[in-house]
Amino acid sequence: MNKNYPNLFSPLTVGNIRLKNRIAMSAMHTCYFNTDGTVSPKARAHYIERARGGVGLIVTEVASMEWPIGRGSKREPRYNDPTCRTSGRT
């Protein structure tokens with residue numbers, strides 16, 4: 001392990017969330033979601049692979065506050081609908 005980052009792989013608690021390490025993946029726009037805002041198999045596989053790779057915190061991608069009016073692309077996640085929020089759970 002690098003001496004400059006001795007805590008990088010140590011657990012961390014943020015509020016009531018416990019992370020297995022301090023590695024975070026920032027939000028990225030992948031365009032992997034279905035056009036109705038639900039999670040596609042490709043989007044699901046993308047995030048599962050990152051989690052398997054050891055990332056402690058994954059911030060999912062861009063989402064509009066008022067879907068579909070405010071969306072920036074046709075393949076953006078839709079989090080304002082309970083069906084869409086749970087469509088990516090494994």
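This briefing walks you through the fold, the core, the surface and a few individual residues of one chain. The model is a predicted one. The chain has 90 residues, of which 26% count as buried, and two helices and four strands are found along it. A good place to begin is the overall outline, and then we can visit residues one by one.

**Overall fold and shape**

- Read from the N terminus, the elements follow the order β-β-β-α-β-α.
- The C-alpha trace spans about 50 × 25 × 25 Å along its principal axes.
- The radius of gyration of the chain is 15 Å, whereas a compact globule of 90 residues would have one near 12 Å.
- Contacts reach far along the sequence: among those between residues at least 6 apart, 54% join residues at least 24 apart.
- About 6400 Å² of the chain is exposed, and carbon and sulfur atoms supply 55% of that area.

**The nonpolar core and methionine 25**

- In soluble globular proteins, nonpolar side chains tend to be buried together.
- Here the largest nonpolar core has six residues, namely Met25, Phe33, Val39, Ala43, Tyr47 and Val55.
- Methionine 25, one of these core residues, has contacts beyond its neighbours within four places in sequence: His46, Tyr47, Arg50, Val55, Leu57, Ile58 and Val59.
- Valine 39, another member of the core, sits in the loop between S3 and H1.
- Valine 39 counts as buried because its relative accessibility is 18%, and the cut-off for buried is under 20%.
- The C-alpha atom of valine 39 is 17 Å from that of glycine 72, with their positions 33 residues apart along the chain.

**A nonpolar patch on the surface**

- Tyr5, Leu8 and Phe9 form a nonpolar surface patch, and together they have about 320 Å² of accessible area.
- Phenylalanine 9, one of the three, is placed in the segment before strand S1, which covers 12-14.

**The loop between S3 and H1**

- Serine 40 belongs to the loop that runs between strand S3 (24-25) and helix H1 (41-52).
- With a relative accessible area of 5%, serine 40 is buried.
- Setting aside neighbours within four places in sequence, serine 40 is in contact with Tyr32, Phe33 and Asn34.
- Cysteine 31 lies in the loop between S3 and H1, and its 35% relative accessibility makes it partly exposed.
- Most residues other than glycine have a negative phi.
- Cysteine 31 is not a glycine, yet it has a positive phi of about 60°.

**Lysine 20 and its contacts**

- Lysine 20 is found in the loop between strand S2 (17-19) and S3.
- Not counting residues up to four places away in sequence, lysine 20 touches Phe9, Ser10, Pro11, Ala51, Gly54, Val55 and Gly56.
- Among these partners, Phe9 is also part of the surface patch, while Val55 belongs to the largest nonpolar core.
- From lysine 20 to histidine 46 the C-alpha distance is 20 Å, and the two are 26 residues apart in sequence.

**Cysteine 84 in helix H2**

- Cysteine 84 has its place in helix H2, residues 82-86.
- Cysteine 84 counts as buried, at 5% relative accessibility.
- Beyond its neighbours within four places in sequence, cysteine 84 contacts Asp36, Gly37, Thr38, Val39 and Arg78.
- Val39, one of those contacts, is the core residue you met above.
- Cysteine 84 and arginine 71 are 13 residues apart in sequence, and their C-alpha atoms are 15 Å apart.

How values were computed:
Residues are numbered from 1 along each chain as its sequence is written. This is a predicted model: local features need pLDDT of at least 70, side-chain atom pairs count only at pLDDT 80 or more; totals for chains, interfaces and linings use all residues. Side-chain values use heavy atoms; hydrogens and water are left out. A nonpolar core is a set of buried Ala, Val, Leu, Ile, Met, Phe, Trp, Tyr and Cys residues joined through side-chain atoms within 4.5 Å. Buried means under 20% relative accessible area, exposed over 50%, partly exposed in between (1.4 Å probe, protein chains only). Contact means heavy atoms within 4.5 Å. Patches are made of residues with over 30% relative accessible area and no salt bridge: like charges are joined within 9 Å, nonpolar side chains (Val, Leu, Ile, Met, Phe, Trp, Tyr) within 5 Å. Accessible areas come from the Shrake-Rupley method with a 1.4 Å probe; for residues, only the protein chains shown count as cover. A salt bridge is a side-chain nitrogen of Lys or Arg within 4 Å of a carboxyl oxygen of Asp or Glu. The radius of gyration is taken over C-alpha atoms; the globule rule is 2.2 Å times the number of residues to the power 0.38.
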